[in-house]
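Thank you for making time this morning. I would like to walk through one structure with you, taking a pocket and then some helix contacts in turn.

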Amino acid sequence: MVAEVMAELAALEDPKARAVNEKHGDDHGVNLGKLRAIAKRLKTQQDLARGLWETGDSAARLLALLICRPKAFGRDELDGMLRDSRTRKVHDWLVNYVVKKNPHSEELRPAWTSDLDPVVASAGWALTTERVAKRPEGLDLVGLLDVIEAEMKDAPDRLQWAMNHCLAQIGIEHAEYRARAIGIGERLEVLKDYPTSPGCTSPFAPVWISEMVRRQQDAKPA
């Protein structure tokens with residue numbers, strides 16, 4: 001079954017798509033819409049998902065993450081998968097589609113956040129951002145802001161992006177820390193000049209926070 005699916009993915013390989021993806025840190029040329037269509041047809045198949053993951057092929061791994069059973073992975077298995085995920089899309093899908101739905105996510109979060117590998121640490125920050133938004137109880141938000149203020153400016157690209165997202169989320173969701181979050185963003189100027197398409201919100205934390213808070217207020221009934 002793995003061989004059949006790999007052949008199907010190979011037939012979908014598009015050199016132009018690969019060229020675009022490689023500019024964004026990915027190494028496959030399969031259209032994601034077509035990939036999702038295959039996943040919809042295959043439905044959930046945990047054994048096939050593991051087989052596809054073991055190929056090491058990025059398109060196969062993305063498909064594996066769509067057809068797997070997120071809660072079926074063990075803690076050490078997820079840790080190994082994350083450390084073996086070096087392309088952006090595979091890393092992001094693993095964290096968002098699998099780890100966040102797995103019962104070991106909270107155990108992995110602090111372990112990853114403190115990891116010396118910045119890519120692994122970025123996954124821990126992504127899980128922390130999820131908690132800031134949905135389950136902030138027990139989090140030391142002041143401590144998180146302290147770390148962000150001290151370390152985000154000089155953090156490697158992917159870790160910096162994840163820390164910046166956490167900073168923005170704190171400012172958006174927690175009014176009592178909003179002024180400090182905006183102030184940290186203004187002082188550090190991380191992603192201040194990031195190119196933003198028309199109609200999209202800038203990832204620069206002060207702008208991001210202000211815009212999302214405005215939308216929340218506009219959505220409230222008069």
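Which element gives the largest share of the lining of the largest pocket? Before I answer, please keep in mind that what you see is a predicted model. The answer is α9, which supplies eight residues to that lining. Along the sequence, α9 covers residues 118–134, and the elements that each give two or more residues to the lining are α9 together with α7, at 88–98, and α11, at 157–173.

Let me stay with this pocket a little longer. Its volume comes to about 790 Å³, and 26 residues line it. If you would like to find its centre on the screen, look for Arg88, Asp92, Arg158, Trp161 and Ala162, which are the lining residues that lie nearest to that point. As for the chemical character of the lining, the residues divide into ten charged, nine nonpolar and seven polar.

One of the elements I have just named, α11, also leads us to the helix contacts. Its partner here is α12, the helix of residues 178–188, and the axes of the two come within 8 Å of each other, crossing at roughly 150 degrees. Angles over 145 degrees count as roughly antiparallel, and α11 is therefore roughly antiparallel to α12. The crossing of this pair is left-handed. On the α11 side the contact is made by Leu167, Gly171 and Ile172, which meet Arg178, Ala181, Ile184 and Gly185 of α12. Sorted by class, that contact holds four nonpolar residues, two polar ones and one charged one.

Now let us move to the helix α1, residues 2–11, and begin with its contact with α4, the helix of residues 46–54, where the axes come within 10 Å and cross at roughly 60 degrees. The two helices are therefore oblique to each other, and α1 passes α4 in a right-handed crossing. From α1, the residues Val2, Val5 and Met6 meet Leu48, Gly51 and Leu52 in α4, a contact with five nonpolar residues, one polar residue and no charged ones.

What, then, does α1 meet in α5? Here Val5, Met6 and Leu9 of α1 are in contact with Ala59, Ala60 and Leu63 of α5, and by class this contact has six nonpolar residues, with no polar and no charged ones. The helix α5 spans residues 58–67, and it packs against α1 at an angle of about 120 degrees, with the axes 10 Å apart. This crossing, of α1 and α5, is right-handed.

As you look back over α1, please notice that Val5 and Met6 appear in its contact with α4 and also in its contact with α5.

Conventions. Residues numbered from 1 in each chain as written. Predicted model: local features only at pLDDT ≥ 70, side-chain atom pairs only at ≥ 80, totals over all residues. Heavy atoms only, no water. Axes fitted to C-alpha atoms, helices over the stretch in contact; angles between N-to-C directions. Helix = DSSP H or I, 4+ residues; strand = E, 2+ residues; numbered from the N terminus. Parallel < 35°, antiparallel > 145°, perpendicular 65-115°, else oblique. Left-handed = near helix turned anticlockwise from the far one by under 90°. Contact = heavy atoms within 4.5 Å. Nonpolar A, V, L, I, M, F, W, Y, C, P; charged D, E, K, R; others polar. 1 Å grid on protein atoms, 1.4 Å probe; cavity = no way out; pocket = protein on both sides within 12 Å on 5 of 7 lines; lining within 4 Å. Points joined across faces, edges and corners; volume = space filled by probe spheres on them.
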